[in-house]
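Me: I want to go through this structure label by label. For each label, give me the value, the cut-off and the conclusion.

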Amino acid sequence: MHDGARLHGEHDQWAKDIEETQGTAPNYPIIGDSDFEVAKLYGMLAADVAGDAADRTPADNQTVRNVFVVGPDKKLKLILVYPMTTGRNFDEVLRVIDSLQLTAKHKVATPAQWRQGDNVIIAGSVSNDEAKELFGDWDEPKPYIRVVKQPA
């Protein structure tokens, strides 16, 4: 099993490699899971996986390429699973976080392909009377799709 200092050093090197090749380093916690406890807990590896993580090949560890977004309420909001052959899409992760923050603050939903500043949809849980108070007028291509400008 890795000792903590060795694992921390590997993560530091990985962050430096990312900064060098991508122009920015990760600024989020990196979990050192040398005994696979976290990976197994979240279903990223089979329960029978064992041994030292350093002795496993990238192909063996390929399922440990998940992105989890946990909200301030400590609830899991998003899981993305990437194969080894596909790089993670950080723009998409940031887009989802922007959406989660917006929809937690306002009674709206974000449509597919939404980007910061695009129109949003009034949440289905909001009555037309409440929507009128909150948003004024809206476009309504379908009775269940009430489109408004993104609230500030």
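Me: Why is serine 99 called buried or exposed here?

Reply: First, the ground rules. This is a predicted model, in which local features need pLDDT of at least 70, side-chain atom pairs count only at pLDDT 80 or more, and totals for chains, interfaces and linings use all residues. Residues are numbered from 1 along each chain as its sequence is written, and side-chain values use heavy atoms, with hydrogens and water left out. Now the label: buried means under 20% relative accessible area, exposed over 50%, partly exposed in between (1.4 Å probe, protein chains only). Serine 99 has a relative accessible area of 12%, so it is buried.

Me: What makes the link between serine 99 and threonine 110 a polar contact?

Reply: A polar contact is a pair of N or O atoms within 3.5 Å; within protein, one must be able to donate a hydrogen and the other to accept it, and residues adjacent in sequence count only if both atoms are side-chain atoms. The side chains of serine 99 and threonine 110 are joined at 2.6 Å. Serine 99 also touches Trp114, where contact means heavy atoms within 4.5 Å.

Me: Which element holds serine 99, and what makes that element's span close to the expected one?

Reply: Serine 99 sits in helix H3. Helices (H or I, at least four residues) and strands (E, at least two) are DSSP runs, numbered from the N terminus. H3 covers residues 90-105, 16 residues in all. The expected span is 1.5 Å times one less than the number of residues. That rule gives 22 Å for H3, and the first and last C-alpha atoms are 23 Å apart.

Me: What caps H3, and what covers its buried residues?

Reply: Asparagine 89 caps the N-terminal end, with a side-chain oxygen 3.1 Å from the backbone nitrogen of aspartate 91. The buried residues of H3 are Val93, Arg95, Val96, Ser99 and Leu102. Their cover includes strands S1 (66-70), S2 (76-81), S3 (108-109) and S4.

Me: Why is asparagine 66 buried or exposed?

Reply: Asparagine 66 has 15% relative accessibility, so it counts as buried. Its place is in strand S1. Leaving aside neighbours within four places in sequence, asparagine 66 is in contact with Met44, Leu80 and Val81.

Me: And why do aspartate 48 and glutamate 19 get their labels?

Reply: Aspartate 48 counts as exposed because its relative accessibility is 66%. That residue lies in the loop between helix H2 (37-41) and S1. Glutamate 19 has a relative accessible area of 44%, so it is partly exposed. Glutamate 19 belongs to helix H1 (residues 4-22). Beyond four places in sequence, glutamate 19 is in contact with Thr24 and Ala25.

Me: How do you know that S6 pairs with S4 and S5?

Reply: Two strands pair if DSSP finds at least two bridges between them. S4 (residues 120-122) and S6 have two bridges, in the antiparallel sense. S5 (residues 139-142) and S6 also run antiparallel, joined by two bridges. Isoleucine 121 stands opposite valine 147, and lysine 142 opposite isoleucine 145. S5 and S6 form a hairpin with two residues between them.

Me: Which face of S6 is covered?

Reply: In S6 (residues 145-148), Arg146 and Val148 make the covered face, while Ile145 and Val147 make the uncovered one. In a regular strand the side chains alternate between the two faces of the sheet.

Me: What makes the largest nonpolar core a core?

Reply: A nonpolar core is a set of buried Ala, Val, Leu, Ile, Met, Phe, Trp, Tyr and Cys residues joined through side-chain atoms within 4.5 Å. The largest has 11 residues, including Leu102, Trp114, Phe135, Trp138 and Val148. S4 and helix H4 (128-135) are the elements that give two or more residues to this core. Apart from it lies another core, of six residues, among them Val69, Leu78, Val93 and Val96.

Me: How does the protein chain's radius of gyration compare with that of a compact globule?

Reply: The globule rule is 2.2 Å times the number of residues to the power 0.38, with the radius of gyration taken over C-alpha atoms. For 152 residues that comes near 15 Å, but the protein chain has 21 Å. Its C-alpha atoms fill a box of roughly 60 × 35 × 25 Å along the principal axes. Of the 152 residues, 26% count as buried.
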